[in-house]
Amino acid sequence: MASFVRITVLMWADMLAWYAMWVMITYLTNVWKLSYTHAAGIVNIWGGIAMILPIGFAFLVDSAIGNYIMLLLSSISYSIGLGFLAMSTPPVLYKSTDTCSEYKPECIGQTQKVLFYTALALIAVGISGHLVALPSFLQQNTSNTENDEDESKILWQALGLFGVVLVPIIGGIALPYIRPWAVRFGIPAICTLVATLLFLSGSCQYKYVSPEGSPVTTMFRVVVATASKISQRVPNDASLLYNTDPNSVPHLHGLRCLYKAAVVLPTKPIQDQEKNRWTLCSVTEVQETKSVIRMIPMWITFIICGVVLSIGNTYFLEQGNHMNRKVGHLTVPLPFFLVLYDSAKNICGQLYIYFAALFGRYSPPIGIGVAMIFSVLCCITAAKVEIRRIGVIRSHGLLDKPNEDIPMTLFWLLPQFLLLAALDGFSQASIASFFANQAPPSMKTYLCYLTNGVLGLGTMGSVLSVYIVGKVSEKGGRPNWFRSTLNESRLDRYYWTLAGLSAVNLVVYILVASFYSYRESQNEGDTGAENPESAPPFEDDVQCCCCCG
């Protein structure tokens, strides 16, 4: 019971910190007075790194330090990073740095900038470490809850519901009403520090699992063993290969060269070759490596999805930054859209369960295609809304007044946020289901991290896409689509470009998915297609690792 609470508070602190970080672009444009493209570039590079780091951290956890040490180090990094972020705001250190205390760019000295960028790096480490270690460590310490008393189970559920309800209210509704950025960043910093200390207080009571090695090492061994036998030929008789599992039948067609790793050299005793696992691999290990490599073309198609997802907490937010947020006498905070986004994303993830019941074993690739359709629709909708926003700006003479509020309600952005949430929710559920059915059991978790890493590459790639589109748009002496202010820019044309890229990417994905050889789902039997409810479309523990926030 106590262990559950101590670990869960880290999750609550994560949620609160994410609500504070989600509006980072508005801090950079309102306080630092950066151009919206520069601010979006900082946010997207940081977000991409935070999505890529879990790949290396997962390997580190499985091969060396374990979940507890990773969770401890990442929590400390998280706390220090959020603390540095609060300290980087002008009012905190203005006396020590001989600057001013107002939220203006001239009040941000070199010290504040160093603290800010150091904070982003530490927070990225904290987010990535928690993403890798927190779900696994929580599962390790609650795996025997079925033997506990019913009263404890009810209390746990009540605590979980309390956090799920309270944190979004604080982060999405209450926190944005706090004007000083130092306090807005400081509250999550204090909460994360308290959560870390509470987590440390239970160190003597946790269950610890020693690292057992990473399955990624197996893939490297197959590649190294193949390279060491590059001059060997793969025998046509599969029985001559090194096979420790009689049920594993090698399929010598496709990536045949990898089976060189399983070739037994006639010049050395088999016992000596078995001692060096970097020169001889089993047929099963080669098969698993092949199945991962065959997924690479499909992964590549996820990059454009990452580019589209990156515009949610950057350009969408910057559009809404100066729109009318009034609903009667109330002012709607921007993070409220994150609450709606997360809700819509979870609903779409649940809808995928019913979607999977209709299409059986082919539901994952079809679901990914549906997510890409949402990507196209999101960009088209965003372009249409931006055209209307530009029309309102021009009709009211606000082109050269970027800081003036636009008489257009913020809720015009709601459809594109919901479509983006549908893209995120459907893609995560579909990809998790795809890996649950098609990936080697030992690699399922890693493939989720790799997918997030590919989406992270897309998030970082959005910076490059903006640069390339801007350079192409100004050819022939025409004005760049990305001007110094959002009012003067043509963000709608960039959205149309992303819609076109998403449509092309959808076609490429359909071709890749059509040529992919699907194996029978491990969860369904011969009647799985007729009775899909007999097997879950995806495993909850597999889906969790895909969620990045």
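The following exchange examines how several descriptions of this predicted model are justified.

Trainee: What makes up the secondary structure of the protein chain?

Mentor: The chain comes to 19 helices and 4 strands. Of its 549 residues, 52% count as buried.

Trainee: How do you know that helix α3 is not straight?

Mentor: Helix α3, residues 36-87, has 52 residues, and a straight helix would reach 76 Å at 1.5 Å a residue. The end C-alpha atoms of α3 are only 23 Å apart, short of that span. A bend of about 115 degrees is found at Ile-65.

Trainee: Why is the pair Lys-345 and Asp-424 called a salt bridge?

Mentor: The closest N and O atoms of Lys-345 and Asp-424 are 3.6 Å apart. The cut-off for a Lys or Arg side-chain nitrogen and an Asp or Glu carboxyl oxygen is within 4 Å, so the pair qualifies. The pair links distant parts of the chain, with Lys-345 in helix α14 and Asp-424 in helix α16 (residues 414-438), 79 residues apart.

Trainee: Why are Lys-345 and Asp-424 called buried?

Mentor: Buried means under 20% relative accessible area. Lys-345 has 8% relative accessibility and therefore counts as buried. Asp-424 has a relative accessible area of 7%, so the term applies to Asp-424 as well.

Trainee: What makes Glu-386 and Arg-389 a salt bridge, and where do they lie?

Mentor: Their closest N and O atoms are 2.8 Å apart, which is within 4 Å, so the criterion is met. Both residues lie in helix α15 (residues 363-395), 3 residues apart, about one turn of the helix. An α-helix has 3.6 residues a turn, so residues three or four places apart point the same way. Glu-386 and Arg-389 are both buried.

Trainee: How do you know that Asp-492 is buried, and which residue does its side chain meet in a salt bridge?

Mentor: Asp-492 has a relative accessible area of 2%, which is under 20%, so Asp-492 is buried. Its side chain meets that of Arg-490 in a salt bridge, at 2.8 Å from N to O. Elsewhere, salt bridges that share partners join Arg-221, Arg-277 and Glu-285 into one network. A search of the whole structure finds 7 salt bridges.

Trainee: Why is Ile-353 called partly exposed?

Mentor: Partly exposed lies between the buried limit of 20% and the exposed limit of 50%. Ile-353 has a relative accessible area of 31%, and the term therefore fits. Ile-353 lies in helix α14 (residues 336-359). Together with Ile-347, Leu-351 and Tyr-354, Ile-353 makes a nonpolar surface patch of about 410 Å².

Technical notes
Residues are numbered from 1 along each chain as its sequence is written. This is a predicted model: local features need pLDDT of at least 70, side-chain atom pairs count only at pLDDT 80 or more; totals for chains, interfaces and linings use all residues. Side-chain values use heavy atoms; hydrogens and water are left out. Helices (H or I, at least four residues) and strands (E, at least two) are DSSP runs, numbered from the N terminus. The expected span of a helix is 1.5 Å times one less than its number of residues. The bend at a residue is the angle between axes fitted to the seven residues ending there and the seven starting there. Patches are made of residues with over 30% relative accessible area and no salt bridge: like charges are joined within 9 Å, nonpolar side chains (Val, Leu, Ile, Met, Phe, Trp, Tyr) within 5 Å. Accessible areas come from the Shrake-Rupley method with a 1.4 Å probe; for residues, only the protein chains shown count as cover. Buried means under 20% relative accessible area, exposed over 50%, partly exposed in between (1.4 Å probe, protein chains only).
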